[in-house]
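Please read the following account alongside the sequence and the coordinates. It goes through the strands, one helix and the interior in turn.

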Amino acid sequence: MKAIITVVGQDQVGIVATVATKLAALKINIVDISQTLMAHNFTMMLSGEWDATQLSFAAAKTALDQLGQQTGLTIHIQRQELFDAIQKL
């Protein structure tokens, strides 16, 4: 399965490490990543992929929602299929 994950929040030390550690624990491979600071706000977008027989999209979403609540970050995950369908229009 492939997905796009976005992370937005107040800049703080360790955001990339925290998110990457959670993704590694879920066995989600980071394929591509981009991050920037806008004023004092951190933004990151990444492409991830994993074996859907080992982890459902719903379980990945739940885990990332929980991480967002714990860290004060807004973390969204969307299936790559949505982006691919839009590009075909």
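Helices here are DSSP runs of type H or I with at least four residues, numbered from the N terminus. The model is predicted. With helices counted that way, lysine 27 comes just after helix 1 and takes a positive phi of about 65°.

The strands can be taken next. Strand 1 and strand 3 are antiparallel partners, joined by nine bridges. Within this pairing, valine 8 sits opposite threonine 43 of strand 3. Strand 3 also runs antiparallel to strand 2, and nine bridges join these two. Here isoleucine 33 is the residue that faces leucine 46 in strand 3. Strands 2 and 3 make a hairpin with two residues between them, and alanine 39, in the turn, has a positive phi of about 60°.

Threonine 43, a residue of strand 3, shows what surrounds this part of the chain. Leaving aside neighbours within four places in sequence, threonine 43 has contacts with Val7, Val8, Ser34, Gln35, Thr36 and Met38. Aspartate 11 is 32 residues away from threonine 43 in sequence, yet their C-alpha atoms are 8.5 Å apart.

Which residues of helix 1 are buried? They are Ile15, Val19 and Leu23. These residues cover an arc of only 55° around the axis, which means that they lie on the same side of helix 1. An α-helix has 3.6 residues a turn, so residues three or four places apart point the same way. The face turned away from the buried side of helix 1 carries the exposed residues Thr21, Ala24 and Ala25. The buried residues of helix 1 are covered by elements that include strand 1, strand 2, strand 3 and helix 2.

The interior remains. The largest nonpolar core contains 21 residues, and Ile5, Val7, Val19, Trp50 and Ile77 have the most contacts inside it. At least two residues of this core come from each of strand 1 (2–10), helix 1 (15–25), strand 3 (41–49), helix 2 (57–71) and strand 4 (74–79). Helix 2 gives the most, with five residues.

Valine 7 illustrates how separate parts of the chain meet. Apart from neighbours within four places in sequence, valine 7 is in contact with Ile15, Val19, Phe42, Thr43, Met44, Leu73, Thr74 and Ile75. Two of these partners, Ile15 and Val19, are among the buried residues of helix 1, while Thr43 belongs to strand 3.

Technical notes: Residues are numbered from 1 along each chain as its sequence is written. This is a predicted model: local features need pLDDT of at least 70, side-chain atom pairs count only at pLDDT 80 or more; totals for chains, interfaces and linings use all residues. Side-chain values use heavy atoms; hydrogens and water are left out. A nonpolar core is a set of buried Ala, Val, Leu, Ile, Met, Phe, Trp, Tyr and Cys residues joined through side-chain atoms within 4.5 Å. Buried means under 20% relative accessible area, exposed over 50%, partly exposed in between (1.4 Å probe, protein chains only). Contact means heavy atoms within 4.5 Å. The arc is that of the directions from the helix axis to the C-beta atoms. Two strands pair if DSSP finds at least two bridges between them.
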